[in-house]
Every structure is written in structure tokens, then in C-alpha cells.
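Student: I'd like to learn how to read a structure like this. Could we look at it together, one feature at a time?

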Amino acid sequence: MKCEKCENKAIIGNPILCSEHFEEYILKTVQDTITQFNLFTKETKICVAVSGGKDSLALIDILIRLGYSVEGLFVNEGISNYREYSNEDLEKFMRKNKLLLRTTSFQDLVGHSLDEIMNTEKFHACSVCGTLRRYLLNKFSKEYDVIATGHNLDDEAQTVLINLARGNTDLMFRGGPKSKPTNQFTQKVKPLIFVSEKQLLTYAIIRKIKTGFEECPYAQTSYRAHLRDLLNEEESKNPSTKLNILKSYLNLEKNIIKCDVKEKELCVCSVCGEASQEGICKACKLKEEIINLLH
Ligand SMILES: [Zn+2]
Ligand SMILES: [Zn+2]
């Protein structure tokens, strides 16, 4: 198959482009997302939440090429034999690009790794991980204007369906390319939401960003993994399914925001002093449960 834009051989089928034109396409897609949703400017202090996978490293690579200044914040959950990148690989990548990488971990926060916490068989991994990650990212990003995450089109389409299927109407409109700005929480932005998983993987390969296919061992039984497979099957029959789900969501969100959904009032956690919806924040409650079980 020939590239849509030149005589060279195409390396990807959607859109049909050679490697050079594909890179150009990805950079343009991300820049258009940043501009359209007013995510940040060249002056913004951006902290990239580094997950240890290809998505966040591809995000850093793309943002640097577009001329943005970024630093990295890595939250290590403590899952053995899982990371595509070891801490060493990560540090090497950041050093090569002359970028600062901060590291924090579940171990630092609660004294135990996610593996140890899961050994108690008392918790749901994704919920522990979600609570502690969110907490650490917010706590260590205070000096930045935004936290950028590597969420891609597949992640977003899955999240829309999960919230719909579970009736999570209060969580429903927390998606999209950026969170609402508040004084207590660093604003989160997702520059890659119009780039599919497959496109990101292709980009990472072209840019020689080491990729692995390891999946979080705790994710395999999750509802998200089930929906991911369903969506991939549907997309193979009807390309643009994922994009249509995301676009429907964004249109709905635009109209709902006009109705002004009431936000819960925030206070300060009496244990750690971070922003919280209740007297003691979710992370501190979880930490206490974990410590009680593991000591
Ligand atoms: Zn071409
Ligand atoms: Zn707290």
C-alpha cells in the first residue's frame, strides 16, 4: 500500500501513511488537540505523569518536539515483573532528553507496595491504585500549572462506556481533555486523546521508544479489559467507533456544562492537610486500613 501523501510505502492503515507523514500526522493531531481545547501554552509549567509505559514516554517525546517544556513525575506502584521500563531505563530516557524526573511510590506513602497490599486479598487493585496515584500526583505537582497524562483514544472511549454501563453519572463528566481548574487540585490535561493505542504504538516504534506489551497483571480481570476487547472487535468491523464514542461524549459534555452541574465542596484532610471531600481524605483512610491489615 502506498502513502496517501507521497510515493513511499505506507506503514499504517488508518490513516494510510508512510513513516515520515505519519509522524507529521501525530504531531499535528496532538498540537490541534492542545490548541482546540486550550490545554496549555509554551509558557506553561507541565508535569508529565510518567507511568513507565510507552504512552507517557511517547507523550514526552511529542511535547518536546512541539516545543513545550516538560518535567516528569513517576509514581511507582510496586508491581513485580510488570513495567515495560525499569527505573533505570526511565532515568536514562529522561537524562537523554535532559529532563528532570521526580519519583514517588506507594511504598513511600503507605509503607507497602501494591503487590503486598493485594496479597491481603481485601482490596480491589484498580481502586487502591486509582486512589493512591491520584493522591500522589496531586501532592507532588503543586509547583506545576498542569499534569499531562498519556491517556489515549482507546482509554477514553473505554472510560465513557464504563461510566455509562455502571451508571456512574457523577463521574461521567470528569473525562475529556482537561479537568476543571480548582485551587486544590493541579489541573489534569490529556493531549493524546485523539491518538489511538495502535497509532501510539506505531509512533513509539518509529521513534525507537522501547515498547513492551506487558499489561498490568491486575488489569486482566477488570471490566476495562473486557470493554477494551469488545471495542477492538467493534472497531475492526466499524473503524471510527472509538472516535465516535469520544466525540459523542464531548458533545454531551458541552451541553451538560451549560446546565452547571453542582460540584461537591472541598475541605482539607485533618490528617495530611491535602484537599479532600470529607474530613479525612480517601488516601488517608485507605492508608490506615492497609497499615492495620499489614502490621
Ligand atoms: Zn508519505
Ligand atoms: Zn489525607
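Tutor: Sure. Let's begin with how the pieces get their names: helices and strands are DSSP runs, at least four residues long for a helix and at least two for a strand, numbered from the N terminus. Keep in mind that this is a predicted model.

Student: How many helices and strands does the chain have?

Tutor: There are 12 helices and nine strands.

Student: What does the radius of gyration tell me about the chain?

Tutor: You compare it with what a compact globule would give. For 295 residues that would be near 19 Å, and the chain has 20 Å, so the two agree. Measured out along its principal axes, the C-alpha trace spans about 65 × 50 × 40 Å.

Student: And how much of the chain is buried?

Tutor: A residue is called buried if 20 or more other C-beta atoms lie within 10 Å of its own, and exposed if 12 or fewer do. Of the 295 residues, 31% count as buried. Contacts add to that picture: among those between residues at least 6 apart in sequence, 69% join residues at least 24 apart.

Student: Let's try single residues. Is Ser141 buried or exposed?

Tutor: Count its neighbours. Ser141 has 22 C-beta neighbours inside 10 Å, so it counts as buried. You'll find Ser141 in the loop between helix H6 (125-139) and strand S6 (146-148).

Student: Which residues is Ser141 in contact with, leaving aside its neighbours within four places in sequence?

Tutor: Cys47, Leu73, Ile147 and Thr186. To get a feel for distance, take Ser236 as well: Ser141 and Ser236 are 95 residues apart in sequence, and their C-alpha atoms are 39 Å apart in space.

Student: How does Ala204 count?

Tutor: Ala204 sits in helix H9. It has 19 C-beta neighbours inside 10 Å, so Ala204 counts as partly exposed. From Ala204 to Tyr144 is 60 residues in sequence and 26 Å in space, C-alpha to C-alpha.

Student: Now for pairs of helices. At what angle do H1 and H9 cross?

Tutor: For a pair like this, look at the angle, the handedness and the residues that meet. The axes of H1 (residues 19-36) and H9 (residues 197-206) come within 11 Å and cross at roughly 120°. H1 and H9 are therefore oblique to each other, and the crossing is left-handed.

Student: Which residues of H1 and H9 meet?

Tutor: On the H1 side they are Ser19, Phe22, Glu23 and Ile26, and on the H9 side Gln199, Thr202, Tyr203 and Ile206. By class, the contact of H1 with H9 has four nonpolar, three polar and one charged.

Student: What about H6 and H12?

Tutor: H6 packs against H12 (residues 282-294) at an angle of about 125°, and their axes are 9 Å apart. That makes H6 and H12 oblique to each other, with a left-handed crossing. H6 brings Val128, Thr131, Leu132 and Tyr135 to the contact, while H12 brings Lys282, Ala283 and Leu286. The residues of this contact between H6 and H12 are five nonpolar, one polar and one charged.

Student: How are H7 and H10 placed?

Tutor: H7 (residues 153-166) and H10 pack at about 115°, with axes 10 Å apart. H7 is therefore roughly perpendicular to H10. The crossing of H7 and H10 is right-handed. From H7, the contact uses Asp154, Ala157, Gln158, Leu161 and Ile162; from H10, Tyr223, Arg224, Leu227, Arg228 and Leu231. In the contact of H7 with H10 there are six nonpolar, one polar and three charged residues.

Student: What should I look for in the backbone?

Tutor: Try the peptide bonds and the phi angles. Asn14 and Pro15 are joined by a cis peptide bond, with omega about 0°. Pro15 is in the loop between strand S1 (12-13) and strand S2 (16-17).

Student: What is the phi of Lys208?

Tutor: Positive, about 55°, although Lys208 is not a glycine. Lys208 lies in the loop between H9 and helix H10 (223-237). With 8 C-beta neighbours inside 10 Å, Lys208 counts as exposed.

Student: And where is Ser240?

Tutor: In the loop between H10 and helix H11 (241-258). Ser240 is not a glycine either, and its phi is positive, near 90°. Ser240 has 10 other C-beta atoms within 10 Å, so it is exposed.

Note on methods
Residues are numbered from 1 along each chain as its sequence is written. Chains are lettered from A and ligands numbered from 1 in the order in which they are written. This is a predicted model: local features need pLDDT of at least 70, side-chain atom pairs count only at pLDDT 80 or more; totals for chains, interfaces and linings use all residues. Axes are lines fitted to C-alpha atoms, for helices over the stretch in contact, and angles run from 0 to 180 degrees between N-to-C directions. Angles under 35 degrees count as roughly parallel, over 145 as roughly antiparallel, 65 to 115 as roughly perpendicular and the rest as oblique. A crossing is left-handed if the near helix is turned anticlockwise from the far one by less than a right angle, and right-handed if clockwise. Two residues are in contact if their C-beta atoms, placed from the backbone, lie within 7 Å. Ala, Val, Leu, Ile, Met, Phe, Trp, Tyr, Cys and Pro count as nonpolar, Asp, Glu, Lys and Arg as charged, and the others, Gly among them, as polar. The radius of gyration is taken over C-alpha atoms; the globule rule is 2.2 Å times the number of residues to the power 0.38.
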